[in-house]
Amino acid sequence: MTHEWAVEAHGLVRTFGDNRAVDGVDLSIRTGSVYGVLGPNGAGKTTTISMLATLLRPDAGEARVFGHDVVREAQVVRQLIGVTGQYASVDETLSATENLVIFSRLLGLGRAEARRKAAELLETFGLTEAATRPLKNFSGGMRRRLDLAASLIAQPPLIFLDEPTTGLDPRTRAQMWDTIRELVATGSTVVLTTQYLDEADQLADRIAVIDRGRVVAEGTADELKDAVGNQSLQLGLVAAADLGSALDIVTTFGVPATTSPEARRITVPVTGPDEVTDLLVRLREARIAVDSISMDKPSLDEVFLTLTGHGVAADGEDDTAGTAAAGDVACPTTSTREEALR
Ligand SMILES: Nc1ncnc2c1ncn2[C@@H]1O[C@H](COP(=O)(O)OP(=O)(O)O)[C@@H](O)[C@H]1O
Ligand SMILES: [Mg+2]
């Protein structure tokens with residue numbers, strides 16, 4: 001019998017000294033889905049995952065995996081999960097094949113079956129040529145792939161992937177995405193942490209945006225985008241010198257704007273074509289030349305900026321010079337956020 005919820009967490013807290021790394025996190029993750037936990041470095045992603053995976057004890061709150069309490073029934077939970085990513089659990093001096101064979105044997109596979117499984121996984125992850133090399137000679141990307149391969153030997157019902165693609169080249173990253181999709185297609189639930197908005201957008205059925213230990217938004221990628229505004233207008237200016245005066249005009253519409261001075265670009269959440277027309281007329285009256293216009297759903301980058309008031313790479317520092325005010329203006333009240341994401 002399958003449980004409806006792979007993960008149910010309520011009020012999870014974990015402090016390190018006086019740092020509340022995880023500060024009251026609730027999560028509900030449906031069985032059979034890919035769930036994205038999205039946040040910048042230091043947001044509390046790994047700490048959250050570690051508590052769900054029984055590797056760290058929560059200071060407060062509770063969590064269940066397929067209905068089993070992660071503290072009281074930790075042994076049961078461990079048999080239902082696989083964890084990969086920032087806990088590479090492989091032996092450096094052994095080869096890739098040897099590592100996978102050992103994992104397989106530990107999981108109860110026979111000798112021949114273990115060899116067959118190891119060879120098959122190495123093939124899948126493009127590691128066949130490196131199969132006999134010791135791990136200490138592996139690149140970061142190769143390690144990541146081997147780590148995931150190791151977790152697939154058992155293919156547990158719930159797999160935690162902690163930043164599976166951080167630092168990978170685009171090709172390996174795409175390969176990893178395919179593997180993750182395949183895992184879910186073949187019956188696993190995947191919880192994935194990421195700093196990449198496009199990754200969450202591509203893979204995750206639902207996303208929790210986490211910032212400073214708290215979930216600041218939760219929903220599908222589309223819901224998160226809708227929370228920021230229906231549409232987003234991108235204006236490309238002919239002259240970078242016009243950026244300031246263009247922004248003045250844009251803000252008289254009462255809408256926030258993000259800017260990129262290098263790209264001479266302004267991004268404005270808009271309600272519809274009428275507003276766009278009015279805005280363009282005003283720009284022309286002010287003799288501000290526009291050389292490109294496009295309308296799109298807001299990117300998850302904009303969503304993040306709107307929800308947290310700072311960009312994804314921001315760690316206290318504001319990395320989005322000139323947009324701090326816009327971020328503040330754009331930030332909806334907690335209740336409108338919750339409403340939009342319901
Ligand atoms: N073992 C630890 N000891 C002390 N502080 C920690 C420890 N692990 C994480 N932290 C702190 O907790 C916060 C959240 O870290 P982490 O969960 O690793 O974030 P993320 O995975 O989102 O980058 C950070 O401020 C980090 O420095
Ligand atoms: Mg982490």
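**Exercise 1. Polar contacts of the ligand**

How far does a backbone N or O atom of Gly-44 lie from an oxygen atom of ligand 1? Collect the further short polar distances and describe the shell in this predicted model.

*Solution.*
- Step 1. The distance between a backbone N or O atom of Gly-44 and an oxygen atom of ligand 1 is 2.9 Å.
- Step 2. A polar backbone atom of Gly-42 is placed 2.7 Å from an oxygen atom of the ligand.
- Step 3. Thr-46 uses its side chain instead: an N or O atom there is 2.8 Å from an oxygen atom of ligand 1.
- Step 4. Of the 560 Å² of accessible area that ligand 1 has on its own, the protein covers 59%.
- Step 5. The residues surrounding ligand 1 include Phe-16, Asn-19, Ala-21, Pro-40 and Lys-45. Sorted by class, the shell holds four nonpolar, six polar and one charged residues.
- Step 6. At least two shell residues come from each of strand 2 (19–30) and helix 1 (45–52). Helix 1 gives the most, with three residues.

**Exercise 2. The environment of Leu-192**

Determine whether Leu-192 is buried or exposed, and identify its contacts distant in sequence.

*Solution.*
- Step 1. Locate the residue: Leu-192 belongs to strand 8, which spans residues 189–194.
- Step 2. The relative accessible area of Leu-192 is 0%, and the cut-off for a buried residue is under 20%; therefore Leu-192 is buried.
- Step 3. Beyond its neighbours within four places in sequence, Leu-192 is in contact with Val-34, Tyr-35, Gly-36, Val-37, Leu-161, Pro-164, Ile-180, Glu-199 and Leu-203.
- Step 4. One of these partners, Gly-36, is 156 residues away along the chain, yet its C-alpha atom is separated from that of Leu-192 by 4.9 Å.
- Step 5. For the protein chain overall, 68% of the contacts between residues at least 6 apart in sequence join residues at least 24 apart.

**Exercise 3. A charged residue in a loop**

Establish the burial of Glu-163 and name the side chain with which its own side chain makes a polar contact.

*Solution.*
- Step 1. Glu-163 is situated in the loop between strand 7 (158–162) and helix 6 (170–185).
- Step 2. Glu-163 has a relative accessible area of 7%, which means that it is buried under the 20% cut-off.
- Step 3. The partner is Gln-195, whose side chain makes a polar contact of 3.2 Å with the side chain of Glu-163.

**Exercise 4. Helix 11 and the nonpolar cores**

Explain why helix 11 is largely enclosed by the rest of the structure, then describe the nonpolar cores of the chain.

*Solution.*
- Step 1. Helix 11 (residues 300–308) is largely enclosed because eight of its nine residues are buried.
- Step 2. The buried residues of helix 11 are Leu-300, Glu-302, Val-303, Phe-304, Leu-305, Thr-306, Leu-307 and Thr-308.
- Step 3. Just beyond the helix, Gly-309 adopts a positive phi of about 80 degrees.
- Step 4. The largest nonpolar core comprises 46 residues, and Leu-100, Phe-138, Leu-146, Val-190, Ile-207 and Val-209 have the most contacts inside it. Helix 5 (residues 140–152) supplies the largest share of this core, six residues.
- Step 5. Another core, of 26 residues, lies apart from it; Val-25, Tyr-35, Leu-52 and Ala-63 are among its members.
- Step 6. For the chain as a whole, which has 342 residues, buried residues make up 48%. The chain exposes about 16200 Å², of which carbon and sulfur atoms supply 49%.

Notes
Residues numbered from 1 in each chain as written. Chains lettered and ligands numbered in written order. Predicted model: local features only at pLDDT ≥ 70, side-chain atom pairs only at ≥ 80, totals over all residues. Heavy atoms only, no water. Helix = DSSP H or I, 4+ residues; strand = E, 2+ residues; numbered from the N terminus. Buried < 20%, exposed > 50% of the residue type's maximum accessible area, 1.4 Å probe, protein only. Contact = heavy atoms within 4.5 Å. Near = heavy atom within 4 Å. Polar contact = N/O pair within 3.5 Å; in protein donor to acceptor, adjacent residues only side chain to side chain. Areas by Shrake-Rupley, 256 points an atom, 1.4 Å probe, with all protein chains shown as cover. Nonpolar A, V, L, I, M, F, W, Y, C, P; charged D, E, K, R; others polar. Core = buried A, V, L, I, M, F, W, Y, C linked by side-chain atoms within 4.5 Å.
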